[in-house]
Amino acid sequence: MPKIDEEEIKRVYIQADLLYSEAEVEQAINKLAALVTEDMADKTPVVFPVLNGGLVVGGKLLTKLNFPLEAGYLHATRYRNTTSGHSLEWLMKPQIDVKGRAVLIVDDIFDEGITLTEIVNYCHAEGASEVKVAVLVHKNHNRTPTATPALQADFIGLEIEDRYVFGYGMDYKGYWRNAPGIFAVRERE
Ligand SMILES: O=P(O)(O)OC[C@H]1O[C@H](OP(=O)(O)OP(=O)(O)O)[C@H](O)[C@@H]1O
Ligand SMILES: Nc1nc2[nH]cnc2c(=O)[nH]1
């Protein structure tokens with residue numbers, strides 16, 4: 001593991017552009033909760049935040065879903081604490097049986113959609129009756145590989161431009177998942 005450059009980590013935060021403040025993100029999570037409740041309140045779903053990034057929004061969303069559900073987690077990574085994606089690595093598959101159940105997957109960001117496509121396909125293959133996806137952030141661009149079936153997130157909190165972002169669960173090289181807002185890394189001039 002290369003030694004982390006603490007100065008770089010601090011500098012990236014100081015220089016980043018704030019896209020959404022903490023208050024705006026909290027409002028977006030309230031909106032997500034309302035959308036999910038409207039759709040899933042009568043389905044007794046299983047809810048899986050996708051670790052690591054889905055930890056913050058998953059936790060915050062759960063207590064706003066005031067109906068019967070089961071909560072677990074799954075762990076998959078494609079970026080591995082870097083800023084570019086690779087193939088998906090499963091670190092923990094869901095431990096709750098999804099056969100015949102409605103499933104809600106909660107993640108921090110839908111970027112190229114590869115992570116969520118694989119997770120949704122996995123849940124369908126395991127016999128889920130339906131699989132819905134809630135993301136805090138949807139990134140706007142046209143880079144989605146054509147080989148990927150076009151998955152759309154069902155519930156979206158916020159739209160962002162095509163920049164690398166961190167905060168509210170999203171990392172910069174493994175750091176700043178704790179940042180209180182959604183920040184975009186400023187490219188070097
Ligand atoms: O739409 P995609 O281009 O597939 O990217 C989105 C995924 O990337 C991030 O996870 P990452 O692989 O960085 O792991 P992490 O959750 O541990 O940060 C994020 O949490 C999403 O799960
Ligand atoms: N932290 C973070 N993870 C991502 N995974 C895919 N896109 C992004 C991004 O912009 N930021």
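Helices here are DSSP runs of H or I at least four residues long, and they are numbered from the N terminus. With that in hand, take H4: just after this helix, glycine 127 takes a positive phi of about 100 degrees. Keep in mind that you're looking at a predicted model. Below is a quick tour of its two ligand shells, its nonpolar core, helix H4 and a few backbone spots worth a click.

**Around ligand 1**
- Ligand 1 has 17 residues around it, and the closest are Asn52, Gly53, Tyr79, Asp111 and Thr115.
- Sorted by class, this shell holds 5 nonpolar, 6 polar and 6 charged residues.
- Strand E6 (102-110) and helix H4 (114-125) each bring at least two residues to the shell around ligand 1.
- E6 is the top contributor to that shell, with 4 residues.

**Around ligand 2**
- The residues surrounding ligand 2 are Tyr79, Ile109, Asp111, Tyr164, Val165, Phe166, Met170 and Asp171.
- This shell splits into 6 nonpolar and 2 charged residues, with no polar ones.
- Spot the overlap: Tyr79 and Asp111 are among the closest residues to ligand 1, and Tyr79 and Asp111 also surround ligand 2.

**The nonpolar core**
- The largest nonpolar core is made of 46 residues.
- Inside this core, Val103, Ile105, Val106 and Ala134 have the most contacts.
- Zoom in on isoleucine 105: leaving out residues up to four places away in sequence, Ile105 touches Phe48, Val50, Leu116, Ile119, Val120, Val131 and Val133.

**Helix H4**
- H4 is 12 residues long and spans 16 Å from first C-alpha to last, close to the 16 Å expected at 1.5 Å a residue.
- Its buried residues are Thr115, Leu116, Ile119 and Cys123. These four cover an arc of only 90 degrees around the axis, so they sit on the same side of H4.
- What do the buried residues of H4 pack against? Their partners are strand E2 (46-51), strand E4 (74-77), E6 and strand E7 (130-139).
- Two of these buried residues, Leu116 and Ile119, are also touched by isoleucine 105.

**Backbone oddities**
- Most residues other than glycine have a negative phi, and most peptide bonds are trans. The next few spots go against that pattern.
- Leucine 51 and asparagine 52 are joined by a cis peptide bond, with omega at about 0 degrees.
- You'll find asparagine 52 in the loop between E2 and helix H3 (55-62), and it's one of the closest residues to ligand 1.
- Threonine 44 isn't a glycine, yet its phi is positive, about 40 degrees. This threonine lies in the loop between helix H2 (22-40) and E2.
- Is threonine 44 buried or exposed? Threonine 44 is exposed, because it has 12 other C-beta atoms within 10 Å, and a residue with 12 or fewer counts as exposed.
- Lysine 173 is another non-glycine residue with a positive phi, near 50 degrees.
- This lysine lies in the loop between strand E9 (165-166) and strand E10 (181-184). Lysine 173 has 17 other C-beta atoms within 10 Å, so it counts as partly exposed.

**Alanine 184**
- Alanine 184 is part of strand E10 and counts as partly exposed because it has 18 C-beta neighbours inside 10 Å.
- In sequence, alanine 184 and tyrosine 164 are 20 residues apart, but in space their C-alpha atoms are 5.7 Å apart.
- Neighbours within four places in sequence aside, alanine 184 is in contact with Ala16, Asp17, Leu19, Arg163, Tyr164 and Val165.
- Tyr164 and Val165 take us back to ligand 2, as both help surround it.

Note on methods
Residues numbered from 1 in each chain as written. Chains lettered and ligands numbered in written order. Predicted model: local features only at pLDDT ≥ 70, side-chain atom pairs only at ≥ 80, totals over all residues. Near = placed C-beta within 6 Å. Nonpolar A, V, L, I, M, F, W, Y, C, P; charged D, E, K, R; others polar. Core = buried A, V, L, I, M, F, W, Y, C linked by C-beta atoms within 7 Å. Buried ≥ 20, exposed ≤ 12 C-beta atoms within 10 Å, placed from the backbone. Contact = placed C-beta atoms within 7 Å. Expected span 1.5 Å × (residues − 1). Arc of directions from axis to C-beta.
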